[in-house]
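Subject: Structure handover

Hi,

Here is the structure I promised to pass along. Have a look at it first, and then read on for my notes.

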Amino acid sequence: MRRFHRMLMYTNRKPTRSPPPSPTNDDQSDAHQDDLSLAGSARRRFLLGSGVLTGGLAAARYAGAAAPSIAESRDAPATSRSVGAARPVRLTVNQHDYVVDLEPRVTLLDALREYLGLTGTKKGCDRGQCGACTVLVDGRRVNSCLTLAMACEGQPITTVEGLAGETALHPVQQAFIEHDGFQCGYCTPGQICSAVALLGELRAGDPSAVTTDLARMPVEITDDELRERMSGNICRCGAYAGIVAALRQALQHG
Ligand code: FES
Ligand code: FES
């Protein structure tokens, strides 16, 4: 430690030998300035020359390799990045049938929002991490950003727009309102769809990662059980306490 301290002191010491020359008279100063400007202009010439050279080489390489003739580009075969042509896809959403022309790569989330105008389903991360895009496909919750629309042909899809009845909200929607299960509301459609599926999973006796007694039917519903089952749905506003309370109410009524 003391050695390190000494080293620090050493590096902080002011130089005592060979100080930079200070201008003492005008002739010496002018000569020094001339030296500097000559050296500077030489360096600039070098940089300009090398820049032109490397830029020219790169441009020549690019021109030689990447510019196919018009005839070549017309005859080029389709590459492996070709994504396939659009074709009519029949989707049944909220008990309505739609036929839309979709490329194979279109996700269910984009099909719902961009093609069908059902914007209740939200795009958060678009990579399966936040749950904002959760919808029900054949009664099971899925991240629609990770699901291809074509894979859902022939299966009933339910979004948040399809949960309410003619005259009343779905019990889960009502419970979210009564228990302040949201603030900004961006995650809420996904939370509600997830919660609706969760009720079905509990009724079916599906265990979760924190279920301790697998033989017990029905599954004991603790707060930990509810939190674990909703852990795929992130709420950036932190409305989790209200969401758990809403789930408990929906369970009693459902
Ligand atoms: S948008 Fe799908 S999980 Fe986040
Ligand atoms: S209510 Fe704002 S992100 Fe959940």
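Among contacts in the protein between residues at least 6 apart in sequence, what percentage join residues at least 24 apart? The answer is 54%. Before I go further, please keep in mind that this is a predicted model.

**Overall layout**

The protein has 8 helices and 5 strands. Going along the sequence, you'll meet them in the pattern α-α-α-β-β-α-β-β-β-α-α-α-α. As for burial, 24% of the 254 residues count as buried.

**The sheet**

The 5 strands form an open sheet with mixed pairing, in the order β2-β1-β5-β3-β4. At the edges sit β2 (96–102) and β4 (140–143), each of which pairs on one side only. From one strand to the next, the twist averages 40°.

Two of the pairings are worth a click. β1 and β2 run antiparallel and are joined by 7 bridges, with P88 standing opposite D101 in β2. Their hairpin has 2 residues between the strands, and N94 takes a positive phi there, near 50°. On the β4 side, β3 (residues 134–137) is joined to β4 by 4 bridges, and this pair also runs antiparallel. There, T134 is the residue opposite N143 in β4.

**Helices on the sheet**

Helix α4 (residues 108–115) packs on the sheet and touches β1 (87–93) and β2. The direction of α4 makes about 100° with that of β2. Helix α6 (residues 188–203) lies across β3 and β4, and it runs at about 35° to β3.

**Helices on helices**

α8 turns up in two helix pairs, so I'll take them in turn.

Start with α5 (residues 171–178) and α8 (residues 240–253): their axes come within 8 Å and cross at roughly 140°. Angles over 145 degrees would count as roughly antiparallel, and the pair is therefore oblique. The crossing of α5 past α8 is right-handed. If you want to see who is involved, P171, V172, A175, F176 and E178 in α5 meet A246, Q249, A250 and H253 in α8. By class, the residues of this contact divide into 6 nonpolar, 2 polar and 1 charged.

Now for α6 and α8, whose axes come within 11 Å and cross at roughly 40°. That angle makes α6 oblique to α8, and this crossing is right-handed as well. On the α6 side the residues are Q191, A195 and L199, which meet I243, L247, A250 and L251 in α8. This contact has 6 nonpolar residues, 1 polar and no charged ones. Note that A250 is listed in the contact with α5 and again in the contact with α6.

**One loop residue**

Finally, have a look at S231, in the loop between α7 (223–229) and α8. Is S231 buried or partly exposed? S231 has 13 C-beta neighbours inside 10 Å, and because a buried residue needs 20 or more, S231 counts as partly exposed. S231 is also 101 residues away from C130 in sequence, yet the two are 9.2 Å apart in space, C-alpha to C-alpha.

That's what I have so far. Shout if anything is unclear.

Cheers

Methods. Residues are numbered from 1 along each chain as its sequence is written. Chains are lettered from A and ligands numbered from 1 in the order in which they are written. This is a predicted model: local features need pLDDT of at least 70, side-chain atom pairs count only at pLDDT 80 or more; totals for chains, interfaces and linings use all residues. Two strands pair if DSSP finds at least two bridges between them. Axes are lines fitted to C-alpha atoms, for helices over the stretch in contact, and angles run from 0 to 180 degrees between N-to-C directions. Two residues are in contact if their C-beta atoms, placed from the backbone, lie within 7 Å. Angles under 35 degrees count as roughly parallel, over 145 as roughly antiparallel, 65 to 115 as roughly perpendicular and the rest as oblique. A crossing is left-handed if the near helix is turned anticlockwise from the far one by less than a right angle, and right-handed if clockwise. Ala, Val, Leu, Ile, Met, Phe, Trp, Tyr, Cys and Pro count as nonpolar, Asp, Glu, Lys and Arg as charged, and the others, Gly among them, as polar. A residue is buried if 20 or more other C-beta atoms lie within 10 Å of its own, exposed if 12 or fewer, and partly exposed in between; C-beta atoms are placed from the backbone.
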